[in-house]
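Please open the structure in your viewer and keep the selection panel at hand, since each stop below begins with something to select.

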Amino acid sequence: MVNIEKEKNEDVHFIRVEGDVDAGSSIHLDNAFKEVLEVGESRIAVDLTRLVYISSAGLGVFVSYLDEFELKKIKLVLFGIQETVRQVFDILGLEKLIAIAENEEEAIKKLNE
Amino acid sequence: MTDKLKIRLTFLGALICWLLFSASNIYLLFIESYEMKVQLSDFIPQLFFTGFVVSTFGYYRYVISKADTLNFTDLLWKVFITGLITTLISLGIRFFFTVFANSSIVENPLTVNFFYNILLGLVIIYMVSTLVVWKRLILYQKSKNLLQFWSFFEIALLLSLGYDFFELELFGTNFNVGLIVLSCFSLILTFNLKWIAYLNFRQKWKGILFILLSGIYLYHFFLNLDDFRATGVLVMDLMNSVFFLGLLGFLFLYAGISILVTLFNLPTSSVFERKLKEAIDYQKLSQSIPRGETIDQTYEILLESSMSAVFADAAWLEVKEEEGIFQSIRNLKETEINEIKSKIKSGTIKDILSLNFDRDHNPSKLTDSLKDNKYKSIIALPIYVQSKQVGFIVMLNEVSEAFNREMVNIITTFVNQTSISLENLALIKESLENERYKEQLKIAKNVQKSLLPTNLEINGGIEIDAFAMAADEVGGDYYDFIEIEKDKYGLIIADVSGKGTSAAFQMAQMKGIFHSLASQKVSPSQFTIQANIALSNCLERSSFITATYFYLDAKKKTIEFSRAGHCPTLMFCSETNETSYLESEGMGLGIVRNSKYEKYVHSTTLSYNEGDTMLLYTDGITEAKNETGEQFGDDRLRNSFNSHAKKAPAQIKEAIKRDLADFTGEVAIDDDYTMVVVKFNTDSNG
């Protein structure tokens, strides 16, 4: 199960993901991104501190928005990724496509660059 | 004792008793007329008479109770026929006496007694058989009390036979007491007439006729016996018997009451028949689907049943189905329907006819009267399937105010039953569909299995074994190899994101890409780039494939590989006995779908020694969880592989599978998982 919270803070839209993102629950993550895009946010920080597990379907959600973010010049930063999850991102090569920060401050800094 | 034997024995018993009774009777007469001094008790003929009655009763009880399937009119028919035969014989006796009316034969006590005994036998046979039939009728839908009461009655009858041993004076005090007791029993038993309700109109008339005739037979016998009594020479007069008079009274009484009750029931029998028909129609509706009739046939049955239940002159039914509107019409023209539809402008019926009716309806509003129309009364009821109104049924009558609330209730039950039948049908269809999907998936599973290589033999000293397991019927894991040319091999492992059917299709696509690219002898980097281009055109945006492509050269003993986002390969080095991951940069296929992808593609070349072993796997293995949610992980896999790496590929595979199963325990692995073990041996061919 996954629990997703959204909040806005100083022009940065936060998506906080908690729990497991697998084939069944990845739809919630997808919906969160969709809503953010509809609002027209340009700076998104995804808090993965409490993300325990992400399956390939969950990674697919990030992959599917890459083109759109690039096209609309939307900045995306992930932060607080646990080691096991981080490995999954790295193996797939996503760390080369998505900005990853250690913590929230760093993430905001990256978004402000 | 079998029933057949019982019937035969009782028949024989009755016959012998009767013969002995007649013989002893005649013998007594002889003694009397010739004043012989031989004493024979009067008891003897009475004893045989009792035996005769009891045997006859037993005989008919077995014969009639055996015929379980007989209906009431058949039973009455039996009484009628027995009566007819016995009466004809008794008429013959009467005829004899009429012909020889003036002859001395008929005045001879011997002749009189001889014929009287025959008549007596016939009367008893008829009366006892009638008693048994009456018993069947009285005990129809019996209660425990009634059954007990009947047993008392039978005992009383038997006792009355014993009573007759004491040659009581006709209508003396004792005689009357016996008779009154029997009459009381008879009166109470007589009012058990439930069977009459189950006769239809025709059967009731038949019943009246048969019972009337059996009454006439009884009366005829009574007259006949009375005639004999008048001769005054009888040794034993049946008319002096409490048993006889009691039984006769009972038989008459029941016949009389039955006729009266049947007569009074005649006018209401049509109501009962109609109720019965409704019940049958109801059953027909509920069974029409299981019997394999189609939906439309069920609607036809509904229409027919409803029409006959409410005596409608005309009716129609409309149901919206997938293929269009199904309409069934009785005694109506299309124009008449449209006219009626246009006449009803508002109200509940209008809502029903336009298929937007609220479920909580008031039954009284479902009937209405029509003005200026051939039909004056109308009932309209909605038809629901899965709580959605799909249609309606309309009944019409030429008489105004022809429909009442009870009729609405009847049709409502019919309609409800139809809905239940149709809902059941929908459920059956659904489960059949599911069954079919399962079958299809099974086929898909077999097809997919055939996409994986079955022949794992590689020359040049390379030995391979593999294992693949899908979480669902089909999965997205793929491995394969191909001999490009002598000593040159292409090897791949791939994992489609997600699992299930969509993953399985993309896995099949991957196989096509692998075979076409590998056979062109492209380098691993080129392979990855080309595969990415090919997949970019056909993969869903949220899907990607991770893969590692290996180019093996058995002659140079080199491995060149390019990792496209797939889990890093484990390599066991036989020299150092150590296992390490082959680290390399790379990105999954289908993630970046333009030329920028090329800059993320890398390839690595290494050489191997004899005994080195490679383990390719998919993340289903490393991400397999145990009860506590812990993953098997890279380290456990590496250690497991390291400890078994010196074994043969098949054994390595089995050992890792075992270690994995030990770790996960009861928890099922919820992902596709695959492993391929590649062992490099010295080329035996040189």
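How many of the residues of strand E14 (residues 613-617) of chain B are buried? Select that strand, and you will find it mostly covered, with five of its five residues buried, where buried stands for 20 or more other C-beta atoms within 10 Å of a residue's own, exposed for 12 or fewer and partly exposed for what lies in between, with C-beta atoms placed from the backbone. The model is a predicted one, in which local features need pLDDT of at least 70 and side-chain atom pairs count only at pLDDT 80 or more, while totals for chains, interfaces and linings use all residues. Residues are numbered from 1 along each chain as its sequence is written, and chains are lettered from A and ligands numbered from 1 in the order in which they are written. Helices (H or I, at least four residues) and strands (E, at least two) are DSSP runs, numbered from the N terminus.

Colour the side chains of E14(B) next: B:Thr613, B:Leu615 and B:Tyr617 point one way, and B:Met614 and B:Leu616 the other way. Then add strand E11 (residues 570-573) of chain B, which runs antiparallel to E14(B) and is joined to it by three bridges; pairing requires that DSSP finds at least two bridges between two strands. B:Met571 has B:Met614 as its bridge partner. Strand E15 (residues 673-680) of chain B also pairs with E14(B) in the antiparallel sense, over five bridges, and there B:Lys679 is the bridge partner of B:Thr613.

Move now to the open sheet of five strands in chain B, whose order is E2-E1-E5-E4-E3, with antiparallel pairing. Strands E2 (324-330) and E3 (367-369) of chain B stand at the edges with a single partner strand each, so one side of each is left without a neighbour in the sheet. Between strand E1 (residues 314-321) of chain B and E2(B) there are seven bridges, and B:Ala315 stands opposite B:Arg330 in E2(B). Helix H14 (residues 405-451) of chain B packs on the sheet, touching E3, strand E4 (377-385) and strand E5 (388-397) of chain B, where contact requires C-beta atoms, placed from the backbone, within 7 Å.

Within helix H14 of chain B, select B:Asn416, which counts as partly exposed because it has 15 C-beta neighbours inside 10 Å. Its C-alpha atom is separated by 7.8 Å from that of B:Tyr384, 32 residues apart along the chain.

How values were computed
Contact = placed C-beta atoms within 7 Å. Axes fitted to C-alpha atoms, helices over the stretch in contact; angles between N-to-C directions.
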